[in-house]
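Work through the exercises below with the sequence and the model open. Try each task before you read its solution.

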Amino acid sequence: MERNELYPVFLKVSQLNILVVGGGNVGLEKLTFLLKSSPNAQVEMVSIDFLEETLNLAKKHNVTIIHDAYSSQYLEGKHMVIATTDNVGVNEQVYHDCRKRNTLVNVADNPPFCDFYMGGIVTKGNVKVAISTNGKSPTTAKRLRQFFEDVIPENIDDLVKNLNEFRKTIKGDFEEKVETLNEFTKGLVSKKAKDNN
């Protein structure tokens, strides 16, 4: 069986500078996805034209809109870039320009030109689950996202907050704390398994 070797991380995009190249449907989709997960993301978009819906969303979230053709000057100071134009040559140029600068880049619908993928995400308060299909099937990631949205209880955030408070009261070194928390939360998994039988 082929193995997904991606390393999942959760980025504080409110502290990073992100560029989206392209203002069409794919640009809107990527911007919507990014802002849904991280409403305070620091985003700039550059494109000759923008959809009205993109402009409205950008205005609500303080996204900087630049009406211009892509140029490598727009990569200055960016930590990650998402290329979404319908011009393959421009998207690939964005990729190569980013690689020269060691800037993370995602070229939409072109896995070989991606340092990262934007997978399915489920958010319930402080709990966030990210789903990756290694760039092979966004539709499968979407269906899994829907499944996890249904099975993760709405009150999971209360559990997380309570466990955080409990963690602060545990004495001992790191290993002892982890062992205590593991023992304390073991029942969560076995209870769920029993409920499903």
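The exercises cover one lysine and then a set of charged pairs. The model is predicted.

**Exercise 1. Place Lys78 and describe its surroundings.**

Solution.
- Step 1: Find the position. Lys78 sits in the loop that runs between β3 (64-67) and β4 (80-83).
- Step 2: Check the accessibility. Lys78 has a relative accessible area of 13%. Buried means under 20%. Lys78 is therefore buried.
- Step 3: List the neighbours. Leaving aside residues up to four places away in sequence, Lys78 touches Asn17, Ile18, Leu19, Glu44 and Thr103.
- Step 4: Look for a polar partner. The side chains of Lys78 and Glu44 are joined by a polar contact of 3.3 Å.

**Exercise 2. State how many salt bridges the structure holds, then analyse the one between Glu2 and Lys136.**

Solution.
- Step 1: Count. There are 6 salt bridges in the structure.
- Step 2: Check the distance. In the pair Glu2 and Lys136, the closest N and O atoms are 3.5 Å apart. The cut-off is 4 Å. The pair is a salt bridge.
- Step 3: Map the ends. Glu2 belongs to the segment before β1 (17-21), and Lys136 to the loop between β7 (127-131) and α4 (138-151), so the salt bridge ties together parts 134 residues apart in sequence.
- Step 4: Classify both residues. Glu2 is exposed at 59% relative accessible area. Lys136 is exposed at 57%.

**Exercise 3. Analyse the salt bridge between Arg99 and Asp115.**

Solution.
- Step 1: Take the distance. The closest N and O atoms of Arg99 and Asp115 are 3.2 Å apart.
- Step 2: Map the ends. Arg99 is in helix α3 (residues 88-101), while Asp115 is in the loop between β5 (104-107) and β6 (120-124), so this pair links parts 16 residues apart in sequence.
- Step 3: Classify both residues. Arg99 has a relative accessible area of 40% and is partly exposed. Asp115, with 28%, is also partly exposed.

**Exercise 4. Which helix holds both Lys161 and Asp157, and is each residue buried, partly exposed or exposed?**

Solution.
- Step 1: Identify the contact. The side chains of Lys161 and Asp157 form a salt bridge, at 3.2 Å from N to O.
- Step 2: Name the helix. Both residues are in helix α5 (residues 156-169).
- Step 3: Use the spacing. Lys161 and Asp157 are 4 residues apart, so about one helical turn separates them.
- Step 4: Classify both residues. Lys161 is partly exposed, at 45% relative accessibility. Asp157 is buried, with a relative accessible area of 12%.

Methods
Residues numbered from 1 in each chain as written. Predicted model: local features only at pLDDT ≥ 70, side-chain atom pairs only at ≥ 80, totals over all residues. Heavy atoms only, no water. Helix = DSSP H or I, 4+ residues; strand = E, 2+ residues; numbered from the N terminus. Buried < 20%, exposed > 50% of the residue type's maximum accessible area, 1.4 Å probe, protein only. Polar contact = N/O pair within 3.5 Å; in protein donor to acceptor, adjacent residues only side chain to side chain. Contact = heavy atoms within 4.5 Å.
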